[in-house]
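Here is a short set of exercises to work through with the model open beside you. Try each task before reading its solution.

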Amino acid sequence: MDSVELLATSKNSYLVAPAGCGKTHLIAEAVAKHSGRRELILTHTHAGVDALRRKLRIFHARTSSFRVETIASWALQYAAAFPKNSGQLTQYPRTEQEWKKTYAACAALLRSRPIREIVRASYSGLYVDEYQDCTVEQHEIICQLSEILPCRILGDPLQGIFDFGSNQPIIWQTHVEPRFEKLPPLSTPWRWAQTAPALGEWLFKMREDLLGQKQIDLKFAPNPDVTWVQLPKDRTPRYMAQVQALRATAKKDGTIVAILKWERECNGFVQQLAPVYNNVETVECKELDGAASEIEKSTGIERMEAVLAFASECLTGINASMKTAVGVLRKRGLRKSRTYTRQLQIDLLENVIDSQSLSPVLAALDGLKEIPGTKVWRKELFYDMRRALRELSTGQYEDLQSAAWAVRNKSRHSERKLGSRIISRTLLVKGLQFDHCLILHAESLSIKELYVALTRGARTLTILSENRILKPQ
C-alpha cells in the first residue's frame, strides 16, 4: 500500500514530513483518488488554504469532494451558526481572547449529539495540514472531530512558528503522539527535485543540523543554488546591501519572496521599492480595523486627519504632496475661487470635513491616489478600505469596522493574489512556494523561522548575514 492510500484509509493518524516533501501534494492526491463523499480539509493560514486548493485542482479533484478552510474560519462558522448551543457571543472576533472563546464554543458545540450527526452527515473524513501550528484550543476541536470522523493530521514540528503572544501551541509528543497512530514519514524533497536537486539534498541535511541545534556553515551550501551575501554591521551600509540584493533578484524570472523578521522592516523596504515589490497583510489586518474605527468616530477636521493618516500608510508621497494644502485646510482658510496645485484633492477633503456621512471618504481616497508620482504600496490595505466603504453604503453593516471585518473575512474563502514579488515574514509565507527566496537578515531569525525561510525557494536561495556561519537560537 503506497503512502497516498495508507493516509486515505487510516482512521486517526499522523504523519511528519519536512518542508517540500509533499504534505499538501499527498492530501490532494488522497482526496482526489480516495475520497468517500466530502472531505473536510483544515489548515492554519490562508496561504495554506490557497496552496491546498491549487493542488486539488492539479489532481482534478471534484469540487463536491472537499471543503478547504482555516481552522479559525470553520470554527467561527459553526459556533456562530448555533449561538444558543455554543455560547458564541460575537460574529466578529478580533482579539486573541475573542478567538479563544470562539474555539472553546466550537469545541463545546461538537460535544452535542445533534451537532455530531450534522458533521457526520456533512463529511466523510478530515485532513488537517500544518498541525504543528495548532494551539491547545484548536487541538481540542480536532480531538472532538476525531471522535466523529476519520482524522489524518500532517505536520512538521520544526515549522511551528506560531508560538507568540498568548498562544499556547501544542507539544507534538504530548498532544499528538499518544492519541494518533504514526504513519511512515515522507523523506523525498520533491520541491527541488526538478529545479535544484542539490539544494533539496542540502536542506534535508541541514534540517537535521537545526534539529540538533548545530550551527550552519554556508561554505558547504551548493553553488550556484545558494548565494551568500555578507552584510555590513553598520545600519546604513547594511540597508543599502539589502536594497541592492532585492533589486538584483527582481530581474530574475519567476516568483520571488524576500523574508525579514518584523513587519515594520518589511513595510519599509516595500515602500522604498514599490511597485516592484508588494507586501502581504495579515487576514486580521489590525491596521484596517484601527483606521476604520478612527475614521468613523471622528468628524470634521479630525476625520480629514484620519483619512490622510490612513492614506499616508498606503500611498507614497502623500504627506509631502499635500503639506501646504492641508496646512491651509486645517485653518479652513481656502477659498474656492483660488487655484491650488491639488485643488481636486482639496475639494474632496473639504467634502469629508463638511459631511456627516462617510460617503465622501471613498472619493477622497481615490483622489489622493491620483496625485502624480503617488504609488500604492500597501495594496491590500488600501483597496480593502475602499471595499469596506462600498459595503457600508449598502446598509448591511452597522458601522465601518463591521464592514471592514466582513471584507477581510471574505478573503478567508477566496484565493489571495499576492503578486509575483513580495517582501514578508515567515508567518505569512509559510506553506507557500516561490522560485527565488532572499533572507535579508538571517541572524535575526530563530531556528524554526530560519528553517521555514530557507525552504521557500525552489530554484535559488540568497542568504544575507553578517557571518557565513549561522547560529540560530
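## Exercise 1: Two helix pairs

The crossing of helices H6 and H8 is left-handed. Keep in mind that this is a predicted model.

**Task.** Find how the axes of H6 and H8 are oriented towards each other, and which residues make the contact.

**Solution.**
- Step 1: locate the helices. H6 spans residues 96-109 and H8 spans residues 136-146.
- Step 2: take the geometry. Their axes come within 9 Å and cross at roughly 15°.
- Step 3: classify the angle. Angles under 35 degrees count as roughly parallel, so H6 and H8 are roughly parallel to each other.
- Step 4: list the contact. H6 contributes Lys100, Tyr103, Cys106 and Ala107, while H8 contributes Glu137, Gln138, Glu140, Ile141 and Gln144.

**Task.** Now do the same for helix H16 (residues 343-354) and helix H17 (residues 359-369).

**Solution.**
- Step 1: take the geometry. The axes of H16 and H17 lie 8 Å apart, at an angle of about 160°.
- Step 2: classify the angle. Values over 145 count as roughly antiparallel, and H16 is therefore roughly antiparallel to H17.
- Step 3: add the handedness. The H16 and H17 crossing is left-handed.
- Step 4: list the contact. From H16 come Gln345, Leu348, Leu349, Asn351 and Val352, and they meet Pro360, Val361, Ala363, Ala364, Gly367 and Leu368 of H17.

## Exercise 2: Cysteines

**Task.** Work out how many disulfides the structure holds, and why Cys106 forms no bond with the closest cysteine sulfur.

**Solution.**
- Step 1: recall the cut-off. A disulfide needs two cysteine sulfur atoms within 2.5 Å.
- Step 2: check Cys106, which we met in the H6 contact. The closest cysteine sulfur belongs to Cys134 and is 12 Å away, so the distance is too far for a bond.
- Step 3: check Cys134. The nearest cysteine sulfur to Cys134 is that of Cys143, at 9.0 Å, and Cys134 is in no disulfide.
- Step 4: give the total. The structure holds 0 disulfides.
- Step 5: look at the surroundings. Cys106 is buried, at 0% relative accessibility, and Cys134 is also buried, at 0%.

## Exercise 3: Salt bridges

**Task.** The structure holds 25 salt bridges. For the pairs Arg120 with Glu117, Asp384 with Arg387 and Asp217 with Arg468, decide where the partners sit along the chain and how accessible they are.

**Solution.**
- Step 1: start with Arg120 and Glu117. Their closest N and O atoms are 2.7 Å apart. Both residues belong to helix H7 (residues 113-122), 3 residues apart, so about one helical turn separates them. Arg120 is partly exposed at 33%, and Glu117 is partly exposed at 44%.
- Step 2: turn to Asp384 and Arg387, whose N to O distance is 2.5 Å. This pair lies in helix H18 (residues 379-392), again 3 residues apart, about one turn of the helix. Here Asp384 is buried at 7%, whereas Arg387 is partly exposed at 38%.
- Step 3: finish with Asp217 and Arg468, at 3.2 Å from N to O. Asp217 lies in strand E7 (residues 216-217), and Arg468 is in the loop between strand E12 (457-465) and strand E13 (469-470), so this bridge ties together parts that are 251 residues apart in sequence. Asp217 is buried at 19%, and Arg468 is partly exposed at 35%.

How values were computed: Residues are numbered from 1 along each chain as its sequence is written. This is a predicted model: local features need pLDDT of at least 70, side-chain atom pairs count only at pLDDT 80 or more; totals for chains, interfaces and linings use all residues. Side-chain values use heavy atoms; hydrogens and water are left out. Buried means under 20% relative accessible area, exposed over 50%, partly exposed in between (1.4 Å probe, protein chains only). A salt bridge is a side-chain nitrogen of Lys or Arg within 4 Å of a carboxyl oxygen of Asp or Glu. Helices (H or I, at least four residues) and strands (E, at least two) are DSSP runs, numbered from the N terminus. Axes are lines fitted to C-alpha atoms, for helices over the stretch in contact, and angles run from 0 to 180 degrees between N-to-C directions. Angles under 35 degrees count as roughly parallel, over 145 as roughly antiparallel, 65 to 115 as roughly perpendicular and the rest as oblique. A crossing is left-handed if the near helix is turned anticlockwise from the far one by less than a right angle, and right-handed if clockwise. Contact means heavy atoms within 4.5 Å.
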